[in-house]
Amino acid sequence: MQEKSWMLYDWANSIYVAVVMTTLLPIFFKSVTADYGLSNSVADSYWGYATSAATLLISLFAPLLGALGDYSNMKMKIFKTFFYLGVFATGMLFFSSSWRYIIVFYMISLVGYLGANLFYDALIVDVSSSDRMDKVSTYGYAVGYLGGSLLPLAAVILFLLRGDDFSSDLNPAIKISFLATSAWWFVFTIPMLKNVRQVYSKEKEPHLVRSSFGTLYRTIKNISSYRSVFLFLVAYFFYIDGVNTIIHMAIIYGTTMGISNLTLIGALLVTQVVTIPCTLISGVLAKRFGSDRIILSGIAVYIVVCILAYNLQTDFDFWVITVLVGTSQGGLQALSRSYFGKMIPKESSNEFFGFYDILGKFAAIMGPALYGLFSQITGKSQYGVLSILILFVVGGAVFLYASSYEKRRSRQSV
């Protein structure tokens, strides 16, 4: 029951990713900024800076929150705080018509989403055993991508019925989708709130915050004792930066490059559909060939995606890129989470996942900021996409070394 309830949260929050982070809100934002007379490159930059600022805020507190969450009964309490914040801010997007208000509530909702995910990821060690983590993690992502495809599917049907592209008179319908997303996120999280409990924990100390700082300091000081974990985190920092940047900026970039809005939303739906079986397949392949090899193959696919995106010209090009992303996105995310979960001590899972998430969040700061900076300086968003390529190359190289080191260490310890 705990595993199923935990996996269902991926179904619950993936609608936020599909609607707010990647499709309808970015398109709505570009429509509103156009009405205000902002150029495409400036609007792209503002979106990138807002994403970076929100992720920076949660990243600054992630290690402390992670250490605090390892104490008894703290994971779910902090999870609920961020969860309710994200649901509230997402609903408030319905009332936002100015691009400035859209940015503000987008940032608040993103903080809630990212903060809740920090504790959701860490709870995998409480709901599953080491030999089931790859399966549970990949199933969770697959269920999430299935749920995240439903509202974009409704949007595509709306476009087809109208027979036209996105226009301002569709704004009310798009805004209703934000309320629907908030409600969806809340309702399907109820099983997790009722059934998931923290199993591994430390006894509470008199001064939790002070104790958490002490724990955080000791973890940083002793990180060299977990060299395999450290090397993996360095690799993860780089390659997940590229993944997150593509998730955040794909629709914004496609709009700038003249891709039709029907194609943009339809392509995201295809990504969701392709990702579901490919994520499940990645779990099966990981069991047979090793999760490290499947992670490396996912990074290689993203290198190809960056090259194709730089040369993006037609709707067909965007469809090709979308399918490639779908083959690797879910598997890369899910296997990274379970790969890390199997390496760390369970009683300190939230503390370690705090570092895992902070690197992922700081990566999500650097990528969109670089994209925004290069787009604004050059006036061409293609250079923003090009800057992502090096992140996958560096991340892949470090991960290759990290996995080789872990295999040598495992053989020596036998």
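This section describes the helices, aromatic pairs, surface patch and selected long-range contacts of one protein chain.

The structure is a predicted model. The protein chain contains 17 helices and 0 strands. Of its 414 residues, 58% count as buried. The accessible surface of the chain amounts to about 16,400 Å², and carbon and sulfur atoms account for 67% of this area. Contacts were also examined by separation along the sequence: among those between residues at least 6 apart, 86% join residues at least 24 apart.

Two helices were examined for length and burial. Helix H2 (residues 24-35) has 12 residues, for which a rise of 1.5 Å a residue gives a span of 16 Å; the end C-alpha atoms of H2 lie 17 Å apart, in agreement with that value. H2 is largely enclosed by the rest of the structure, because 10 of its 12 residues are buried. The buried residues of H2 are Leu24, Leu25, Pro26, Ile27, Phe28, Phe29, Lys30, Ser31, Val32 and Thr33. Gly37, which follows H2, has a positive phi, near 85°.

Helix H5 covers residues 99-122 and has 24 residues. From its first C-alpha to its last, H5 reaches 35 Å, close to the 34 Å expected at 1.5 Å a residue. H5 is mostly covered, with 19 of its 24 residues buried.

The aromatic side chains were then considered. The count of aromatic pairs comes to 27. One of these is the stacked pair of Trp11 and Trp184, with 5.5 Å centre to centre and 20° between the planes. Trp11 belongs to helix H1 (residues 2-22) and Trp184 to helix H9 (residues 171-187), so this pair ties together parts that are 173 residues apart in sequence. Trp11 and Trp184 are both buried.

A tilted aromatic pair is formed by Phe29 and Trp47, with a centre-to-centre distance of 5.1 Å and an angle of 45° between the planes. Phe29 lies in H2 and Trp47 in helix H3 (residues 40-69); the pair therefore ties together parts that are 18 residues apart in sequence. Phe29 has a relative accessibility of 0% and counts as buried. Trp47 also has 0% relative accessibility and counts as buried.

Beyond these two pairs, one aromatic cluster is formed by Trp6, Tyr9, Tyr16, Phe79, Phe83, Tyr84, Tyr113, Tyr120, Trp185 and Phe186.

On the surface, a nonpolar patch is formed by Tyr46, Tyr49, Tyr310, Leu373, Phe374, Ile377, Tyr383 and Leu386. Together these residues have about 700 Å² of accessible area. At least two residues of the nonpolar patch come from each of H3, helix H16 (349-378) and helix H17 (381-413). The greatest contribution is that of H16, which supplies 3 residues. Tyr383, one of the patch residues, is found in H17. The relative accessible area of Tyr383 is 34%, and the residue is partly exposed. H3 thus appears in two settings: Trp47 of H3 takes part in the tilted pair with Phe29 of H2, and H3 also supplies residues to the nonpolar patch.

Two residues illustrate contacts between positions that are separated along the sequence. Ser96 is located in the loop between helix H4 (74-92) and H5. With a relative accessibility of 2%, Ser96 counts as buried. The C-alpha atoms of Ser96 and Lys175 are 8.4 Å apart in space, while the two residues are 79 residues apart in sequence. When neighbours within four places in sequence are left aside, Ser96 is in contact with Phe28, Tyr101, Ile102, Phe105 and Lys175. Among these partners of Ser96, Phe28 is one of the buried residues of H2.

Leu280 is found in helix H13 (residues 261-289). At 30% relative accessibility, Leu280 counts as partly exposed. A distance of 8.0 Å separates the C-alpha atoms of Leu280 and Lys135, which are 145 residues apart along the chain. With neighbours within four places in sequence left aside, the contacts of Leu280 are with Thr138, Tyr139 and Ala142.

Key. Residues numbered from 1 in each chain as written. Predicted model: local features only at pLDDT ≥ 70, side-chain atom pairs only at ≥ 80, totals over all residues. Heavy atoms only, no water. Helix = DSSP H or I, 4+ residues; strand = E, 2+ residues; numbered from the N terminus. Expected span 1.5 Å × (residues − 1). Buried < 20%, exposed > 50% of the residue type's maximum accessible area, 1.4 Å probe, protein only. Phe/Tyr/Trp six-rings, centres within 6.5 Å; stacked < 30°, edge-to-face > 60°. Patch = residues over 30% accessible without salt bridge, like charges linked within 9 Å, V, L, I, M, F, W, Y side chains within 5 Å. Areas by Shrake-Rupley, 256 points an atom, 1.4 Å probe, with all protein chains shown as cover. Salt bridge = Lys/Arg side-chain N within 4 Å of Asp/Glu carboxyl O. Contact = heavy atoms within 4.5 Å.
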